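Dear colleague,

I am handing over a structure that you have not worked with before, and below it I set out what was found in it. Please read the text with the model open beside you.

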Amino acid sequence: MVFWAETVDRHELAAVQLTRLNSQIERVKRNLPALAHRFLEHGVGQKPVADLEELSAWPMMTKADLRAAYPMGLFGAARHEVARLQGSSGTRGKPTLVGYSQDDLAMWAEVVARCLTLVGAERGQMLHNAYGYGLFTGGLGLHAGAEHLGLTVMPASGGVTSRQCLLLEDLRPDGLACTPSYALNIAEHLVETGKDPRHLGLKWAILGAEPWTEEMRREVERAFGCDACDIYGLSEVIGPGVAAECHEAKDGLHVHEDHFLVEVIDPATGQVLEDGEDGELIFTTLTRQVSPVIRYRTGDIASLNHEPCRCGRTTVRMSRIKGRVDDMFVLRGVNIFPSEIERLVLAQGQLAPVYLLRLTKRAAMSELTVEVEALAGQDGEAAARELGRRLHDTFGVRMAVSVKDPGSLPRSEGKAKRLIDERDPS
Ligand code: DLL
């Protein structure tokens, strides 16, 4: 099942996007006067948008706007029209809340169903859903999408890994949904208890909600013997379902452009970037009713590719997320994302696919220690020396590598925390 919008001629798609964009703007003007006022202050929004490119002159929205509007100040619908609340998984302070009308929930289920189809799911199959259920959009989002597609859903939620493994072994689902770090945690638990994760017979895994790398994909695919594809999303735009990789090419995530308009900008200047250039993803919701966003700054770094895909879809593809703007750190003048270090750790066969980055400060200089674990029977110290050499070759700066006891680094049950910043903020 491929949806019309995924293979449509791009001019036709642009016409649909433009119509939807203008009705979204009208809805904002009717229901969110403060936001509409900001448009007018920027000299936009008086007349309908005539060309999608005009949007680049529009002001952008940020997480701070959503925080300031807590709890429901940016809801563009009457209270009784709000069927569901969800939130961001941020750990600092108050959550940011978003709302969904019945139509929004139907649209969300449809885009998640399309993501499941992209990764190879078929009606009648079974999904083990180990994304957390609750305010976080992962659990309920995948759940509704899977039901919409006609899958049987096991709502396992996150955590209690021994029970996850029991259910996986007894039910033999076709697909697994969770964060990539949790997928590896599940695989490790199975191995530790004498089981082979490949014997589960998983066909596909739909993994996201945190940055991960090709090396991590290889690790998951090798561990379970299945296809592992990336799914992206954020509550401010809808939740999971904004984009996903197709299992045919695994070469970028197809954005559901009939509902979400995407741009990439230079985060420093705000200038819109060309295909292939890394920058910050900006999304405009074209159809979301309760929590619309116009040019929302995600803080996520990726690039776009408008070339048609091998799978036959014509939708724009975004690259994997390289990291978040606020996850990047600077070591002796070099900008580094945790995922760039992950690639090197996972490429080293003697090390377990877990790591923690610890930033400290000595004599006003930032220092980074990469904490790793050696696999059983491997020479951890030799592996650490080799990793230190490769890190230096790649980034041109020295990083300490510290080998920890097997099983001592924290295992994730949801979004993995990779970076611990112990530098004194003063
Ligand atoms: O993480 C939604 C989601 C659930 C996506 C399940 C995929 C699967 P939030 O909690 O609002 O929503 O967090 C959104 O998570 O801005 C990214 O920084 C990060 N993120 C989400 N998907 C990916 C991904 C969900 N595939 C924030 N790769 C986003 C990298 C991701 N980062």
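A cavity, as the word is used here, is a set of grid points where a 1.4 Å probe fits but cannot get out. Please keep in mind throughout that this is a predicted model. With that meaning in place, the structure holds one cavity of 30 Å³ or more, and the space in this largest cavity comes to about 110 Å³. Its lining is made up of 16 residues, and those nearest the centre are Leu66, Leu74, Leu97, Val98 and Ser291. Sorted by class, the lining of the largest cavity has twelve nonpolar residues, three polar ones and one charged one.

The overall division of the chain comes next. The domain assignment gives domain 1, residues 1-325, and domain 2, residues 329-421. The C-alpha centres of domain 1 and domain 2 are 29 Å apart, and the contact between the two involves 24 residues of domain 1 and 15 residues of domain 2.

Where does the second largest pocket lie with respect to domain 1 and domain 2? Both domains give residues to its lining, so the second largest pocket lies between them. This pocket has a volume of about 730 Å³, and of the 36 residues that line it, Leu184, Glu188, Ala352, Pro353 and Leu375 are the closest to its centre. The elements that each supply at least two residues of this lining are α8 (180-192), α9 (214-224), α10 (338-347), β18 (351-362) and β19 (365-374), and α8 gives the most, with seven residues. By class, the lining of the second largest pocket has 21 nonpolar, six polar and nine charged residues.

Turning to the sheets, you will find an open sheet of nine strands with mixed pairing, in the order β4-β3-β5-β6-β7-β8-β9-β14-β13. At its edges stand β4 (152-154) and β13 (304-305), each of which has a single partner strand, so one side of each is left without a neighbour in the sheet. Within this sheet, β7 (residues 227-234) and β8 (residues 239-245) run antiparallel and are joined by four bridges, with tyrosine 232 standing opposite alanine 243 in β8.

Two helices can be placed against these strands. Helix α5, residues 102-119, lies across β6 (204-208), β7, β8 and β9 (253-255), and runs at about 30° to β8. Helix α6, residues 137-149, lies across β3 (126-129), β4, β5 (175-178), β6, β7 and β8, and runs at about 175° to β3.

There is also an open sheet of four strands, β10-β11-β12-β15, in which the pairing is antiparallel; its edge strands, β10 (260-265) and β15 (323-324), each pair on one side only. Strands β11 (residues 279-285) and β12 (residues 296-302) are antiparallel and joined by four bridges, and glutamate 280 stands opposite isoleucine 301 in β12.

Finally, two details of the backbone may be worth a look. The peptide bond from tyrosine 70 to proline 71 is cis, with omega near 0°, and proline 71 is found in the loop between α4 (63-68) and β1 (84-87). Arginine 172, which is not a glycine, nevertheless has a positive phi of about 50°, and arginine 172 is found in the loop between α7 (161-171) and β5.

With kind regards

Note on methods. Residues numbered from 1 in each chain as written. Predicted model: local features only at pLDDT ≥ 70, side-chain atom pairs only at ≥ 80, totals over all residues. Heavy atoms only, no water. Pairing = 2+ DSSP bridges. Contact = heavy atoms within 4.5 Å. Axes fitted to C-alpha atoms, helices over the stretch in contact; angles between N-to-C directions. 1 Å grid on protein atoms, 1.4 Å probe; cavity = no way out; pocket = protein on both sides within 12 Å on 5 of 7 lines; lining within 4 Å. Points joined across faces, edges and corners; volume = space filled by probe spheres on them. Nonpolar A, V, L, I, M, F, W, Y, C, P; charged D, E, K, R; others polar. Domains from an automatic or database assignment.
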